[in-house]
Amino acid sequence: MINWLIDASLRNRFLVVVVCLLIGIWGYWALLTTPIDAIPDLSDNQVIVFTDWPGRSPQEVEDQVTYPLTVSLQGLPGVRVVRASSAFGFSMINVIFEDGADLYFARSRVLERLNLLAKSLPAGVIPSLGPDATGVGHVFWYTVEGPGRSLRDLRSIQDWYVHYQLNAVPGVAEVASVGGVVRQYQVDVDPNRLRAFRIPVSAVVDAVLKSNRNVGGNVVEASGTWTVIRGLGLIESVRDLEHLVLTADNGTPIYVSQVADVKIGDAFRVAALM
């Protein structure tokens, strides 16, 4: 066989040269077009389902959220195993599919099943899908720094400017913020003042929730033109919170500032990046 191949190559030199050139061109084209992954993603095809239920114990989360979701998601086509964990205030479920399953097909199937299960979960509990990326895709760390800027200002710049710019880059699945302190409005209620006005704490909570929104009304016709009526109620400063009306005493309004101290503070930190 080898002698015949050598003899045929010697008698067809031009054809051998053409074949070699074609193979060389094909190899160069493959070198330019073949995608190269520096760190091959060998992880499983998985879809993460995260459910937040603040203030609940792990046992309650397990019984009312994790278990119903786990049992239902096991019946999806292509599912190999379902792993779940319950913690204080949240549940995390990893739905692992077969290696040949398409990731976006898997995510769509899981999302459809979650929509069907929404009515069977406790009120206010809404499961959400994790990002369509794995830990192997965690490729870039950066810091936001600025002379004279506090951790609160730097975190605000990250969350409201840098985050959105990077999230719009093609190929970026998620931008996770770590470190700094999150700015928030804080209403420190004084129980003595509440008792003096005979106002429950729930009234303060309801007033803040219901007042932080914009509403739309009807129109007023005047001189052949329509004027749209709107109510602007989004909170923009501490003063807006202080002037929320809780109730009235003989026609005199009682404001939030009379029963609580309103300020801008930092959210409770659960982690830090050194």
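Reader: When do two strands pair?
Author: Two strands pair if DSSP finds at least two bridges between them. This is a predicted model, in which local features need pLDDT of at least 70 and side-chain atom pairs count only at pLDDT 80 or more, while totals for chains, interfaces and linings use all residues. Residues are numbered from 1 along each chain as its sequence is written, and side-chain values use heavy atoms, with hydrogens and water left out.

Reader: How many bridges join S8 to S9, then?
Author: Strand S8 (residues 245-249) and strand S9 (residues 252-255) are joined by 4 bridges and run antiparallel. Within this pair, Ala248 stands opposite Pro253 in S9.

Reader: And what lies between S8 and S9?
Author: The two strands form a hairpin with 2 residues between them. One residue in the turn, Asn250, has a positive phi of about 55 degrees.

Reader: How many helices and strands are there in the protein?
Author: The protein has 8 helices and 10 strands. Both are DSSP runs numbered from the N terminus (helices H or I, at least four residues; strands E, at least two).

Reader: What box do the C-alpha atoms fill?
Author: Taken along the principal axes, the C-alpha atoms fill a box of roughly 115 × 55 × 50 Å.

Reader: On to pockets. What volume has the largest pocket?
Author: The volume of the largest pocket is about 1000 Å³. Its lining has 30 residues, of which His138, Phe140, Tyr142, Val175 and Ala176 are the closest to its centre. A pocket is an open set of points on a 1 Å grid over the protein atoms alone, where a 1.4 Å probe fits, with protein on both sides within 12 Å along at least five of seven lines; lining residues have an atom within 4 Å of a point. The volume is the space filled by probe spheres set on the points, which are joined across faces, edges and corners.

Reader: How does the lining of the largest pocket divide?
Author: The lining of the largest pocket comprises 16 nonpolar, 10 polar and 4 charged residues. Ala, Val, Leu, Ile, Met, Phe, Trp, Tyr, Cys and Pro count as nonpolar, Asp, Glu, Lys and Arg as charged, and the others, Gly among them, as polar.

Reader: And the second largest pocket, which residues line it?
Author: That pocket, with a volume of about 240 Å³, is lined by residues including Tyr185, Gln186, Val204, Asn212 and Leu241. Strand S5 (183-189) and helix H7 (201-211) are the elements that give two or more residues to the lining.

Reader: Which element gives the most to that lining?
Author: H7 gives the most to the lining of the second largest pocket, with 5 residues.

Reader: Any charged residues there, or how many of each kind?
Author: The lining of the second largest pocket has 9 nonpolar residues, 2 polar and no charged.
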